[in-house]
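Here is my note on the structure you asked about. Please read it with the model open beside you.

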Amino acid sequence: MRQLVQSRPLISGLIVVLLGLFFAGAGTYLAWLGGSWYYLLAGTGLLCAGALLMMGKRAGLLVYGAVWLGTVLWALSESGFRPWYLLPRLLAPTVLGIYLLMPWVTRKLSGWPPRRATGVVAAGGAVVLLLIIGVAAVTGPQLTAQDPPPLARNAPQPTAALAGEDEWRFYGRTPAGDRFAPQTQITPQNVGQLEVAWIARSGDSADAEEIRHAREFHSEATPLKVGDTLYTCTPHSVVLAIDATTGAVKWRFDPEIDRTGHPYLVCRGVAYDEVTDSDCPHRIYSPTFDARLVALNAETGRPCEGFAERGFINLAANMGDAPRGFVLTTSPPMIVNHRIVIGSRIHDNRAVDEPSGVVRAFDPASGRLIWAWDMGRGEDAIPGGLPAGEVYTRGTPNAWGAFTADPALGLVYLPMGNPTPDYFGVHRRPFDERFGSAIVALEIETGRLRWSFQTVHHDIWDFDLPIGPSLVDLPDGQGSTIPALLQTTKAGQIFLLDRRDGRPVADVEERPTPQAGGVAEDRVAPTQPFSTGMPSFTPAPLTERDAWGATPIDQLLCRIEFRRSRHEGIFTPPGLQQMIGHPAFDGVSDWGGAAIDPERGIMVLNTMTMPFRVRLVPRESPEGQRASAPQKPGDAPLGPMDVQHYPQLGTPYLAAVGPWIGVFGAPCSAPTWGQLSAVDLHTRRLLWQVTLGTSRDSGLFGSQANIPLPTGVPNIGGGTVTRSGLIFIGATTDQYLRAFDLQSGRELWRHRLPAGPQATPMTYTGRDGRQYVVITAGGHGALATRYGDYTIAFALPRGS
């Protein structure tokens with residue numbers, strides 16, 4: 001034991017020397033790349049301090065103190081007093097400094113300064129450490145842009161009628177997709193009393209393949225409420241009917257599909273319709289992951305035998321070669337004006353010649369195909385679709401997110417994706433270029449094109465539209481209203497358009513974007529549309545100072561990677577040299593979209609900022625050949641934090657895509673990583689912006705344990721707004737359902753869930769008169785949240 005104590009200065013000094021060698025060496029490389037000289041200078045100082053400690057000289061503490069003081073001054077000069085920027089710069093050096101001042105290190109050191117002085121310095125360092133942790137723990141970056149408006153607004157009512165206020169018959173409650181609930185029983189004053197009312201279990205969670213990420217399993221369903229019943233689905237295409245007041249499962253339909261070869265399983269919800277003169281008058285329509293649409297009797301859960309082929313439509317018809325998993329529908333169809341309008345997800349980035357992105361409309365009673373919009377055969381839909389044996393135009397943009405519609409105007413609004421693949425566009429045809437990443441308005445009855453508006457030109461970043469626009473009527477300033485729509489985007493732009501003709505209501509400008517760095521074969525659009533008349537959520541371009549990490553070690557490595565990469569802000573073109581995509585393909589806003597309070601004229605949007613690394617890899621290069629080789633049995637699958645090589649067959653390049661994560665598992669970009677914002681649609685200004693989510697389940701080395709710091713976190717899923725002035729949202733990786741005050745953005749309530757809530761919540765009034773808030777908690781493979789099979793309802797205590 002005595003020998004150990006005597007050797008501690010030697011061991012401690014050796015640790016400091018090793019750190020010095022790393023920082024001096026890596027810091028020299030960073031300085032050579034044009035980056036900060038701090039790490040080189042600090043590394044040199046650590047080498048001196050460590051050598052003196054190894055020699056038993058207390059002067060080593062002085063040198064380390066000088067390095068620490070220089071670090072503080074450098075951190076403040078780079079970061080100001082922003083706590084998340086200071087944390088990785090100062091926390092670890094302060095902890096190490098306090099350790100070096102402990103008696104078991106200092107008692108064997110000789111020379112100046114006196115040992116008593118080191119105790120005083122250690123206490124001061126401890127105070128600094130506590131201040132760093134304390135400021136970070138209580139400071140959630142929050143912006144109040146202006147005084148919030150009063151909740152009572154003289155604003156027009158929403159286009160979709162509020163009839164059936166106790167029901168939720170569409171994915172967004174109404175065809176408008178505003179996710180506005182007229183209930184007022186739960187208020188900002190009593191929401192803190194919410195408690196679990198019931199829990200329903202589907203019995204269908206992730207299987208062994210999905211747990212090890214060999215297949216994606218994303219539980220994202222928002223239930224419908226019709227009458228006294230909720231209807232929902234699981235990623236394995238199981239459909240359930242649940243008593244809306246008690247949570248008892250009424251029936252369960254399992255199509256029992258073989259999952260082999262299917263790489264991606266998602267169900268965001270089902271659709272409902274009523275058919276007269278039928279033995280199956282109340283119907284639930286649910287997509288299945290083997291490219292079918294089933295109509296179920298809403299009372300019994302059995303397929304409606306008179307619909308299509310014994311209850312099923314084959315959505316792979318006229319698609320040509322479509323291997324398992326290449327065509328499936330992940331979002332519920334839009335059923336409005338006696339049409340089932342449905343799109344599909346196409347397996348991203350596999351090849352040029354993938355199945356068509358055709359959008360089709362069917363008769364809800366018979367299942368007969370009425371029209372098919374195949375942009376490669378003309379801008380208007382084909383009446384009756386194609387005859388047997390013909391194939392819809394392959395490789396066209398698809399529409400995979402939930403649609404919205406205006407029944408009065410007779411229009412359905414399609415959020416279009418990209419032609420395959422995403423990161424290389426030489427092969428794209430004129431209709432691909434026109435409709436990729438565009439909002440498309442089709443006539444519901446005929447499928448005739450009414451208008452289109454493109455949000456990204458020649459999209460080679462995977463900035464496709466993940467959800468249909470939300471519809472709202474807004475004052476035109478002359479005593480009338482404008483039937484408008486709000487389109488959220490992955491790029492962080494919010495487009496406000498007239499939904500009758502697609503013309504901008506808020507200004508849109510074409511701005512030049514970065515042109516250099518792409519591959520010679522492809523082109524880059526010279527300009528991109530920016531919605532300058534609305535608040536922008538597009539993140540500012542990154543700089544080296546924005547590089548982050550858990551410690552100075554991984555922060556330094558992230559800085560080096562940044563200097564070796566290309567980043568000129570949004571729309572930096574992908575090329576042979578790695579670029580940092582910020583935002584990335586998961587976007588600023590994904591398929592959760594916005595929630596709209598049409599009475600107050602307020603939009604609420606959850607966003608995230610998590611950069612990704614993108615690089616094109618020549619197919620014939622050694623890396624390209626290795627990545628293209630088929631996996632052998634027993635090979636470990638790529639995990640959610642690994643770089644994935646997309647094959648992009650039919651092009652000269654693979655795409656290497658992965659999150660910008662440091663060696664310890666911490667992001668390479670500084671918090672905040674998730675936010676919730678409110679926009680006044682009358683003034684078109686930001687009302688408030690708050691951090692969304694904590695680091696509780698986002699630990700280092702891929703673990704799910706951490707201090708719950710208010711960093712904001714990645715979030716998938718949307719929010720719901722109530723007439724009483726509340727926002728309910730799950731979405732975050734820390735697995736909470738939260739309620740926020742619409743007036744101020746203040747978090748009023750949260751409840752920890754047993755699995756990831758990557759779904760949009762809904763609310764309604766049960767037959768007992770209580771208002772319920774319901775969310776699906778089933779987990780999300782890409783976000784690595786916990787898996788489960790829960791539908792959970794919350795309500796105020798009885799009698800309250």
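**Notes on strands, a helix and enclosed spaces**

1. Strand 22 (residues 411-415) and strand 23 run antiparallel, joined by five bridges. Tyr413 is the residue that stands opposite Ala441 in strand 23. Keep in mind that this is a predicted model.

2. Strand 23 also has a partner in strand 24 (residues 449-454). Those two run antiparallel as well, again with five bridges. Here Val440 faces Ser452 of strand 24 as its opposite number. Strands 23 and 24 form a hairpin with five residues between the strands. In that hairpin, look for Gly447, which takes a positive phi near 80°.

3. How many residues of strand 23 are buried? The count is six of its six, over residues 438-443. In a regular strand, side chains alternate between the two faces of the sheet. In strand 23, both faces are covered. Ala438, Val440 and Leu442 are buried on one side. Ile439, Ala441 and Glu443 are buried on the other.

4. Next, look at the sheet with the strand order 5-6-7-8. This sheet is open, has four strands, and pairs them in the antiparallel sense. Which strands sit at its edges? They are strand 5 (224-226) and strand 8 (249-253), and each pairs on one side only. From one strand to the next, the twist averages 20°.

5. Within that sheet, follow strand 7 (residues 239-243). Strand 7 pairs with strand 8 over four bridges, in the antiparallel sense. One pair to find is Ala241 and its bridge partner in strand 8, Trp251. In general, strands of a sheet pair through backbone hydrogen bonds, either parallel or antiparallel.

6. Strand 7 turns up again at a cavity. A search of the whole structure finds eight cavities of 30 Å³ or more. The largest has a volume of about 130 Å³. Its lining has 19 residues, and those closest to the centre are Ser202, Thr234, Thr776, Asp789 and Thr791. Six elements are listed as giving two or more residues to this lining: strand 3 (195-201), strand 4 (216-219), strand 6 (229-233), strand 7, strand 43 (771-777) and strand 44 (790-795). By class, the lining of the largest cavity holds eight nonpolar, eight polar and three charged residues.

7. The second largest cavity holds about 100 Å³ of space. Its lining is made of 16 residues. Nearest its centre lie Trp461, Phe463, Met579, Gly581 and Pro583. Strand 30 (579-581) and strand 33 (612-618) each supply at least two lining residues. Which element gives the largest share? Strand 30 does, with three residues. What classes of residue make up this lining? Twelve are nonpolar, four are polar and none is charged.

8. Now turn to an open space, the second largest pocket. The space in this pocket is about 600 Å³. Of its 28 lining residues, Thr609, Ala670, Pro671, Thr672 and Gln675 are the closest to the centre. Helix 4 (83-100), strand 32 (602-608) and strand 36 (674-680) each provide at least two residues of the lining. Helix 4 gives the largest share, three residues. The classes here are 15 nonpolar, eleven polar and two charged.

9. Helix 9 (residues 552-564) allows a quick check of length. It has 13 residues, so at 1.5 Å a residue it should span 18 Å. The C-alpha atoms at its ends are 18 Å apart, which agrees. Which residues of helix 9 are buried? They are Pro552, Asp554, Gln555, Leu556, Cys558, Arg559, Ile560, Glu561 and Phe562.

10. Last, find Gln644. Gln644 lies in strand 34 (residues 644-646). Why does Gln644 count as partly exposed? The reason is its relative accessibility of 33%, because partly exposed is the range between the buried cut-off, under 20%, and the exposed one, over 50%. Gln644 and Asp501 are 143 residues apart along the chain, and their C-alpha atoms are separated by 40 Å.

How values were computed
Residues numbered from 1 in each chain as written. Predicted model: local features only at pLDDT ≥ 70, side-chain atom pairs only at ≥ 80, totals over all residues. Heavy atoms only, no water. Pairing = 2+ DSSP bridges. Axes fitted to C-alpha atoms, helices over the stretch in contact; angles between N-to-C directions. Expected span 1.5 Å × (residues − 1). Buried < 20%, exposed > 50% of the residue type's maximum accessible area, 1.4 Å probe, protein only. 1 Å grid on protein atoms, 1.4 Å probe; cavity = no way out; pocket = protein on both sides within 12 Å on 5 of 7 lines; lining within 4 Å. Points joined across faces, edges and corners; volume = space filled by probe spheres on them. Nonpolar A, V, L, I, M, F, W, Y, C, P; charged D, E, K, R; others polar.
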